[in-house]
Amino acid sequence: MIRLLLVDDQIIIRQGLRSLLEAKADLQVVGEAENGQDAIAQIQVLQGTEQAPEVILMDVRMPVMDGVAATKQIKELFPELKVLVLTTFDDDEYITEAMRHGAMGYLLKDTPSDELAHAIHNIHKGYTQIGPGLFQKLLTPEPKPTQLSTLPAELSSLTPREQEVLHLIATGANNREIAQSLFISERTVKAHVTSILSRLNLRDRTQAAIYANTFLPHSKAGQSARFDLGNT
C-alpha cells in the first residue's frame, strides 16, 4: 500500500484525484492540503504514524506557498518523501525549478488514472516519470541570450571532454552513441556521466539534459531526442 498526500488549491481537483486513486487497491490517500504550507504542516503531524505519506502529488500554482517552494522545503525536511508534480502545459518553468529541488515526476492533470497509478508506483520505487508532451517541452525551453558571466560556476569544474558528453546527453544520445561519436569506450562514457552528475549535483540523465539545454550554448535537443534512463 502506497500512502499519498494530495496538494492542490482546488477542492474539486483533490476530490477527483482521491476518487480515482482510492479505486486502486494498493493506493491510499492519507491527507489533502490546499497549499504547500498546509502540506508541510500535515506531513509534520503524520510523520512517525501509520498514516505518514510516502508520495506527494503536488500542484504548482497555489496561494500562500506554491509547489516549487513546497517541494524544496519538503525535500530538505523529509528527503525520503517522493514528490510528483501535477501540471498544465504552460507550467514548464515551474517544473524545471521543481526538478532542481528534487521532484521526481511531472504529469499533466488530465493523465488517465491507470497511467497516473503506474507513475506513482515507479516514483515510489525511485524512478523519474515525465508525462507525454512535457519531456520535449522541458528539453526545448524558450531561447535566451547566454552570457558567459551568467553561466553557473560549477560548469568550470567540467573537463572539455565532460562538456562534450554533456552536450550529447542533451541530444538524447545513449552511452553507446556517445562512445561512437567521441571514439571512446562505453566504460569511459559511463565514468564521464557519473562524474558530470556528481560535479553538477544532478540526480540523473534527465536532469543533466535539462541543465545542458538551459545553460550550455548549442545544446538544444532535436525532435528525435530520447533517453535510456537506466543507462547511466
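N201 sits in the loop that joins α9 (186-200) to α10 (205-215). In this predicted model, the phi angle of N201 is near 60°, a positive value in a residue other than glycine. The relative accessible area of N201 is 69%, above the 50% cut-off, and therefore the residue counts as exposed.

Beyond this loop comes α10, and here the picture is one of cover: nine of the 11 residues of the helix are buried. The buried set consists of R205, T206, Q207, A208, A209, I210, Y211, A212 and N213. An α-helix has 3.6 residues a turn, so residues three or four places apart point the same way. In α10 the buried residues include R205, T206, Q207 and A208, and thus the cover is not confined to positions with that spacing. The N-terminal end of α10 is capped by D204, which has a side-chain oxygen 3.2 Å from the backbone nitrogen of T206.Q207 gives a closer view of this helix. The residue is found in α10, and its relative accessibility is 7%, so Q207 counts as buried. What does Q207 touch, not counting residues up to four places away in sequence? The residues are M99 and L202. With M99 there is also a polar contact: the backbone oxygen of M99 lies 3.0 Å from a polar atom of the Q207 side chain. L202, the other residue touched by Q207, belongs to the loop between α9 and α10, where N201 is also placed.

The chain as a whole can now be set around these details. The protein chain has 10 helices and six strands. Of its 232 residues, 47% count as buried. The area exposed by the chain is about 11,500 Å², and carbon and sulfur atoms supply 52% of that area. Among contacts between residues at least 6 apart in sequence, 69% join residues at least 24 apart.

The six strands form an open sheet with parallel pairing, in the order β2-β1-β3-β4-β5-β6. At the edges of the sheet are β2 (27-33) and β6 (129-130), each of which pairs on one side only. Helix α1 (residues 11-21) lies across β1, β2, β3 and β4 (82-87). Relative to β2, α1 runs at about 170°.

Within the sheet, β3 (55-59) stands between β1 and β4 in the strand order. On one side, β3 pairs with β1 (residues 2-7) in the parallel sense over four bridges, and L4 stands opposite V55. On the other side, the pairing of β3 with β4 is also parallel and runs over five bridges; here D59 stands opposite L86.

Are the residues of β3 buried or exposed? Five of its five residues are buried, and the strand is mostly covered. V55, L57 and D59 point one way from β3, while I56 and M58 point the other way. Both sets are buried.

D59 deserves a separate look. This residue is found in strand β3, and in an unreviewed entry UniProt places the feature "modified residue: 4-aspartylphosphate" at D59. Why does D59 count as buried? Its relative accessible area is 4%, and buried means under 20%, so D59 falls in that class. Leaving aside neighbours within four places in sequence, D59 is in contact with V7, D8, D9, G67, L86 and K109. One of these contacts, L86, is the residue that stands opposite D59 in β4.

After β3 the chain enters the loop that leads to α3 (67-77), and V64 lies in this loop. V64 has a positive phi of about 70° although it is not a glycine. Its relative accessibility is 63%, so V64 counts as exposed. Positive phi was also noted for N201, at a value near 60°, and N201 is exposed as well, with a relative accessible area of 69%.

Note on methods. Residues numbered from 1 in each chain as written. Predicted model: local features only at pLDDT ≥ 70, side-chain atom pairs only at ≥ 80, totals over all residues. Heavy atoms only, no water. Helix = DSSP H or I, 4+ residues; strand = E, 2+ residues; numbered from the N terminus. Buried < 20%, exposed > 50% of the residue type's maximum accessible area, 1.4 Å probe, protein only. Polar contact = N/O pair within 3.5 Å; in protein donor to acceptor, adjacent residues only side chain to side chain. Contact = heavy atoms within 4.5 Å. Areas by Shrake-Rupley, 256 points an atom, 1.4 Å probe, with all protein chains shown as cover. Pairing = 2+ DSSP bridges. Axes fitted to C-alpha atoms, helices over the stretch in contact; angles between N-to-C directions. UniProt positions renumbered as here; feature names shortened; annotations may be inferred.
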